[in-house]
Amino acid sequence: MSLLDASCRIAFASLLHDLGKFHERTGLSLAGDRDALFTLYCPNGVSHSHVAHTGGAWDEVETFAPDLMRGDVFPFASRSRGKDITDSMANAAAGHHKPTTFLQWIVATADRAASGFERQKFAEYNESRDDINEFTRKNRFQARLVTLFEQLAPPGNLDHAYPLAALSPRALFPQARSEAEPDDDKVAQAEFAALWQQFLQALDAIPKSHRANWPLWLDHFDSAWLAFTHVIPSATNRGVVPDVSRYDHSKAVAALATALWRWHHENGKVGDGDTALLADRERPDWKEPKLLLVQGDFFGIQDFIFASGGQTQKHAHKLLRGRSFQVALLAELAALRLLEALDLPATSQIINAAGKFLIVAPNTDAAHAAVADCRRLFDAWCIEQSFGEIGVGLASTAATCNDLVGGDFKSLIHQLFAALDDVKHRRFGLCDDARDVIAADFPHGPCAYQGRYPADRPQDGDTPASCALARDQVKIGAELTRRARLLVLRDAASFGNALELDYFGYCVAFVADEEASGKYGELARDGRLVRAWDFDQPEADGKVFRGYARRYVNSYVPRWNELDLAEKAHGKYEGFNADELGDAKLDAIKTLHAIAAAGTGEIALVTLKGDIDNLGALFQSGLEKPTFARWAGLSRQVNAFFALWLPWFCEYGANGRYRNTYTVFAGGDDFFLIGPWEATIELAGEMRRAFATYVARPDISFSLGAAMTHPKVPVRQLATAAERGLELAKSRPGKNAVHLWASTVGWDGWRELVGARRDTLQQLIDQAGGLSTGFIYNLLQLADQAEREKNGGRPEDALWRSRLAYRCARLVKDKATGQALAREIGEALAQHRGGYRLPVSLLLYRQRD
């Protein structure tokens, strides 16, 4: 008996505990007799019509799954022994509304805890029917998922909902409910039926050979389940706000049920008396701390990505790309290592964003020991490979089911944040007996790429001395343009293109799409293949699931296309040497010089760094009635905007306007982008508009720091300048701001300045027959004077008005145009003061060649 496989089965049954809600809404008929299905899958009495659909749809889904009927199906009963088996996987999934068996009660307890149900509230919910919802005035067929963001304090109206569609960058955005919600049952059911068929086709796309490996297959299934249930409401009962998706609720139930079953199993508490305690209406068992919430946080990310000091710029663009991918990969592999140490499936990882993760484990001695072992492993690896520049912090918090209910869950959230903050200040056990000096030997000098770590390979001709970590970064940077899948293996003896280092006990190899399909079935069957991840960006159609578990660890990087090469042939990139342009061939990664030259006017880069304002407060206190599922769903949705939509939009949005923007990292609540100066400035405004649509309310915002630099400036300096800009933007009262060119303005002002004000200024200058660069520079001086006047500067600063009038009258021949120009600029300076540098600078840099 494999404890991990058994945990996978518990998780799978729990994921599908309300599969019938999906199928019933399709309007499709059941494959079997409805009454017989009720009797078979819920023999202790039926309370909801979707129960029969859970049983009937289960029969369809299991044809794509590992064998659920024969052989080892522990801890469930084998359905091959007869139709009277009440503890089969399907029965445990379908029987959670009126449970009687131990495993049914495990799923039922997890379901109620994930929903945050008080005892009385659950009784009311369980007896209610799927009639007209009192909040949306829609039935179960027509109801669509409303936004969680509108539920954040102060809660607004339920004005928006998500269209019923498979996961894609476009499907992430809510619409007005009048657009998203059908008024006709037949139309609504047809939408569900189309989605159901897409779901079954997706399951068929999972490699059949992977069914022999439960944790591998379940990871694929989890991504498919997300893709097709991310906008299906979990509950549409009369008194329930339908703001939690079927995916987020079922994922929370699966994680909790797995941990609860493991606690009972490892403590030998699986008898009739233990079932009776779970069934007790007073919930005495809910006071027992059965859960262990394990948080992970990858720190040192930015210092690692933007490290400088190397002696060579060779492969600089591959290094940057390789580092940003490598750090995301390390966070994923750390979570995987911990899951395997705990004998838990991928579904036990509830939160996974921007180097942070949350795993729900059983609160057992074995689990505590596994966490301690992983902490030592992570510390040792990070010290050995990066000398402590990066690290993984782990924090464990015991919890009861009661902690997930009502006001107690808010307290638990605060405990989790405090525990993680404490870990950040205890890195590598430096408060204990950790070494304060790490020995290092430099037999071949420092790594020429990294500059500080010792090289373990000497210089060989044109190949500089290097360390294994940097060589892997260069290899990753090259492989990402040619490969679409990543294999996580226990050994890589048969892979010539595997990465050099051991990553927390795993070997990593990149493979092309066609190579991953079925070719490694033997590795899956014998357990050497641990995971197979799809990291490629969605295509223009936005399709996300392609048969493999999806990981959002890949940023978008500009590549040379046919148009670029045609422009190069006509002289667009003259003046750049071969090192600056790199491999200027089809699909090759563009260097920063090539990205800068892709724009117009000044050859320069703009770097954007930003994050959501007051995110900690949103997560800790934003939800008036938080539940475990709501909290996890909010985290997933915040991450999806930056990790899924933003890279896709850079590649395909606005007819390719932003395809030269490099998303160095984007995920969680923050982002770091580099692109040609003017297009990237426009992208900042596009992102802010899209985010406002995404959250469906104006008071959730992000701030942004922007820095304009020459492409020769080291990336580390770009990061420092953008970080400083972000600090200045955040220092503005109310935040919700952007900083660029020594100006900090709110987003409303930004839209006016780089939009209407810029266009009007350009139009008037054109009417004047064009004005000198000196006039433009003088406007920058006047903006500085207006800003100083506002802040109580020198008396002569107030002369900006007369100076403006004089210059417009003197330099513009047409009197009416000169007066109009002076009036426009004067009004803008009076309103925006120093912020008027923005439109003036835009025009100035446009004129440069």
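# A friendly tour of a predicted fold

The buried residues of helix α12 pack against two other helices, α6 (102–115) and α11 (246–266). This is a predicted model, in which local features need pLDDT of at least 70 and side-chain atom pairs count only at pLDDT 80 or more, while totals for chains, interfaces and linings use all residues. Residues are numbered from 1 along each chain as its sequence is written, and side-chain values use heavy atoms, with hydrogens and water left out.

**Helix α12 and the loop after it**

- Helices (H or I, at least four residues) and strands (E, at least two) are DSSP runs, numbered from the N terminus.
- Which residues of helix α12 (residues 272–279) are buried? They are D274, T275 and L278, where buried means under 20% relative accessible area, exposed means over 50%, and partly exposed lies in between (1.4 Å probe, protein chains only).
- These buried residues cover an arc of only 100° around the axis, so they sit on the same side of α12; the arc is that of the directions from the helix axis to the C-beta atoms.
- Contact, here and below, means heavy atoms within 4.5 Å.
- The loop between α12 and β3 (291–299) holds E282, which counts as exposed because its relative accessibility is 55%.
- R283 is also in the loop between α12 and β3, but R283 counts as buried, at 10% relative accessibility.
- From E282 to Q831 the gap is 549 residues in sequence and 64 Å in space, C-alpha to C-alpha.

**The six-stranded sheet**

- Follow the order β12-β13-β11-β14-β15-β16 to trace an open sheet of six strands with mixed pairing. Two strands pair if DSSP finds at least two bridges between them.
- Why do β12 (662–667) and β16 (743–746) each have one side without a neighbour in the sheet? Both stand at the edges with a single partner strand each, so one side is left free of a neighbour.
- From one strand to the next, the twist averages 15°. Axes are lines fitted to C-alpha atoms, for helices over the stretch in contact, and angles run from 0 to 180 degrees between N-to-C directions.
- Strands β11 (residues 605–612) and β14 (residues 702–709) run antiparallel and are joined by eight bridges; L608 has A706 in β14 as its bridge partner.
- Helix α26 (residues 715–731) packs on this sheet, where it touches β11, β13 (670–676), β14, β15 (737–740) and β16. The direction of α26 makes about 140° with that of β14.

**The four-stranded sheet**

- Another open sheet has four strands in the order β8-β7-β9-β10, again with mixed pairing.
- Its edge strands, β8 (507–511) and β10 (549–550), pair on one side only.
- Five antiparallel bridges link β7 (residues 485–489) to β8, with L486 partnered by F510 in β8.
- β7 and β9 are also antiparallel, over five bridges, and L487 stands opposite A532 in β9.
- β9 and β10 pair in the parallel sense over two bridges, and W533 stands opposite A549 in β10.
- How many of the six residues of β9 are buried? Six of its six are, which leaves β9 mostly covered.
- Helix α14 (residues 316–341) lies across β7, β8 and β9 (529–534), running at about 140° to β9.

**Nonpolar cores**

- A nonpolar core is a set of buried Ala, Val, Leu, Ile, Met, Phe, Trp, Tyr and Cys residues joined through side-chain atoms within 4.5 Å.
- The largest has 167 residues, and those with the most contacts inside it are F12, F199, F221, F628, F671 and W750.
- Helix α24 (residues 628–652) gives the most to this core, with 15 residues.
- A second, separate core of 76 residues includes L292, Y453, L605 and Y662.

**Cysteines**

- How many disulfides does a search of the whole structure find? The search finds zero, a disulfide being a pair of cysteine sulfur atoms within 2.5 Å.
- For C382, the nearest cysteine sulfur is that of C374, 12 Å away.
- C382 is buried at 1% relative accessibility, and C650 is buried at 0%.

**Backbone surprises**

- Most residues other than glycine have a negative phi, and most peptide bonds are trans.
- F74 and P75 are joined by a cis peptide bond, with omega about 10°.
- The bond from A153 to P154 is cis as well, with omega near -10°.
- R283 is not a glycine, yet its phi is positive, at about 55°.
- N655, in the loop between α24 and β12, also has a positive phi of about 55° without being a glycine.
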